[in-house]
Amino acid sequence: MTAIDSLTQTASWKALQAHYEQIKDVHLRSLFAQDPARGERMVIEGAGLMLDYSKNRITDETIRLLLQLCAERDVLARRDAMFRGEKINTTEKRAVLHTALRAPRHATVMVDGQNVIPEVHAVLDAMAAFCDKVRVGSWTGYTGKPIRHVVNIGIGGSYLGPEMAYRALRTYSDRNISFHFVANVDGAEFAEVTRALDPGETLFIISSKTFTTLETMTNAETARKWILDALQDEAAIARHFVAVSTNTEAVRKFGIDTDNMFGFWDWVGGRYSMDSAIGLSTMLAIGAQNYRELLDGFHDIDEHFRTAPPEKNLPLLMGLLTVWYNNFFGTQTIGVMPYAGPLARFPAYLQQLQMESNGKHVDMQGRHVDYQTGAVIWGEPGTDGQHSFYQLIHQGTKLIPCDLLGFCQPLSSNTHQHDLLMANLFAQAEALAFGKTAEELTAEGSPDFQTPFRVAEGNRPTNMILADSLTPRSLGALVALYEHNVFTQGAVWDIDSFDQWGVELGKVLAVRIIPELTADGTPALKHDSSTNALIRRYRKALGRPV
C-alpha cells in the first residue's frame, strides 16, 4: 500500500471536526423528535445480523462525512488487498488471511503464487476425522478408556477463542465429554483444572504455533508429568496429547505422534485463529458439521464486508462509528454487553481482538500519531452488568458508547425468563438514549429533594445488534463482524492492526528475569531499583539468598 497523508491533515477529517462542533451537544431526544422514522431508517442487515445504529449521536451528515473519510483513507482498497492475500502486515511482511480459513473448497486465494485453500481444507478434513474418532469412542487413551475430558492448553488467541466458542455453543456440545482451558502460567490453575480428572480419560491439546511459547510449554510439561506420573509409560504421551503447531521436530520430541499434529500458517494471526486448527477443541465439542456451520457464519460476514456498499456495510459502519466517538468525542472505552449468558467470555475475547490489534502509537510509515487509536474494550453479560457498572454509564461523568447484543429466540424452554432478558436489553438502550428529565420526574410525583439524584441525562450512544438465535453460524458471523470492524478502524488510522511488538517486549524481559528468581546463589541484578528490590523480596520470601 502507498503512503497516505497524516490523518488529521485530511480534508474529510477537518470537515468531521467542524461537523462535531455543530452537533456535539445535540440530544438524541431532539434527533428522534425531528425524525420519527429514525429508528426504522437507521437499520442495516447482513449475514443474519441486524444493526440498529439509530441511538448514536449522529445525523445523516455524520454518516456522509464518515464515508467520505473512509474513501479518502482508501479503506476499501486496503480491504481488497487483504482479501487478495497481499502482505498488508508490513512490519512482519505477511499476508493477513484469516478469511481464507472459512472460504469454501472451490475458492482460490493466492499467497506467494500458491492457492492456499486446498491446504486449509486438508487440515479441516484431518481435524474432522480425528474429532469423529474421539467423539464415537474409537480413539482411546493408553489404558483403553474412551476420552471423557479434553484440556486445551494455550494462551492468547490459542485460549480466548476456543474457550469463548465452547461456552457460547455449549448447547451444541457433546455432554459425554468435559472441556477445560488452561492458559495462565500460575500452576494453581493447572492443578485446579485437573484435580478431579482421570488421566486415563484425559486428552490434552497443546496449541502453540512454534511449540516454544513460554506459558503454553510450561503448562504442557506439567501436563506431561501429570500423565506420566499416573500411567508410568512414555508411550502414553502419544495417546493423551495432540498438537496444534507447525514445529514438527519439537512436537515429535515432546512425544506426540506427528500424525496428530494440526498445522496453520504465518498468515493467520493468533487473535484471528479461532477458526483455524486452534479451533480443534471447538470441533471436538460441537462436532465437525456444526464447526463447518461456524465457518459458514464467518464467511457470510466476509462476503458482506467485501461486497456490501459502504452505507449498508455492518462492520464498516461500526468501525467508522468507533472512530467518531474515539477521535471526536474523545471517549476512552467501549462497553460490549451481550444479553446472552453463553456469551460471558465474548467481551474478554474482543479485548484481545481489538486492543492487541489497534493498540498502536505509530502509523504505517512509522510516524508517531497525533490522535487516539484503539479504545479500551470491556463488558459483562446483561443483566449482570446492570447491577454493577451500569450506574456509571447512566449517571456518571464519562461518555461510554456501548454495543448491546441480543438473540430473539431462547436457548431454553424458559421463555418467560428470555422475555424478561430481552425486555431489559431494549429498556437499557432506551434509558441510555433518552434518560429521565427533572420535569418528567416531577410529573411522576418524585419528591423534590430526590429529583436531582434521579435525573438521568441520557444521550448515551448504543449500537443494538440482534440475531434470531445463538447458533454456530450466528456466532461465526458475530466474531467476523468485529474482526472487520477492527480492520476498518486500523485502516482509517493507518496503523498495522496485525502485529503486536509491545507484547513481545514483556516476554523478552520475563525470560531474563526467570533465572534471577531461581538461581541457587545470589544473582547479580542489573535492573532499575524497583525491579531489583522486587526480585530480592520474592527470593527472600522463598528462603533463597539475596
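Begin by selecting Ile155, Thr213, Gln500, Glu504 and Lys507: of the 43 residues that line the largest pocket, these lie nearest its centre. The elements that give two or more residues to this lining are α7 (157-168), α9 (214-231), α15 (346-358) and α21 (501-518). The model is a predicted one.

Colour α21 next; with eight residues, α21 gives the most to the lining of the largest pocket. The volume of this pocket is about 1100 Å³. Now colour the lining by residue type: 16 residues are nonpolar, 18 are polar and nine are charged.

Move to α9, residues 214-231, one of the elements that contribute to that lining. Pick its end C-alpha atoms, which are 26 Å apart. This agrees with the expected span, because 18 residues at 1.5 Å a residue should cover 26 Å.

Stay on α9 and show its buried side chains: Thr216, Met217, Asn219, Ala220, Ala223, Arg224, Trp226, Ile227, Leu228 and Leu231. In an α-helix there are 3.6 residues a turn, so residues three or four places apart point the same way. Then step just past the end of α9 to Gln232, where phi is positive, at about 60°.

For the last stop, select Gly341, Ser412, Gln417, His418 and Leu421, which lie nearest the centre of the second largest pocket. This pocket has a volume of about 330 Å³ and a lining of 17 residues. Helix α17 (residues 415-434) supplies the largest share of that lining, five residues. Colour the lining by type once more: nine residues are nonpolar and eight are polar, with no charged residue among them.

How values were computed:
Residues are numbered from 1 along each chain as its sequence is written. This is a predicted model: local features need pLDDT of at least 70, side-chain atom pairs count only at pLDDT 80 or more; totals for chains, interfaces and linings use all residues. Side-chain values use heavy atoms; hydrogens and water are left out. On a 1 Å grid over the protein atoms alone, a cavity is a set of points where a 1.4 Å probe fits but cannot get out, and a pocket is an open set with protein on both sides within 12 Å along at least five of seven lines; lining residues have an atom within 4 Å of a point. Grid points are joined across faces, edges and corners, and a volume is the space filled by probe spheres set on the points. Helices (H or I, at least four residues) and strands (E, at least two) are DSSP runs, numbered from the N terminus. Ala, Val, Leu, Ile, Met, Phe, Trp, Tyr, Cys and Pro count as nonpolar, Asp, Glu, Lys and Arg as charged, and the others, Gly among them, as polar. The expected span of a helix is 1.5 Å times one less than its number of residues. Buried means under 20% relative accessible area, exposed over 50%, partly exposed in between (1.4 Å probe, protein chains only).
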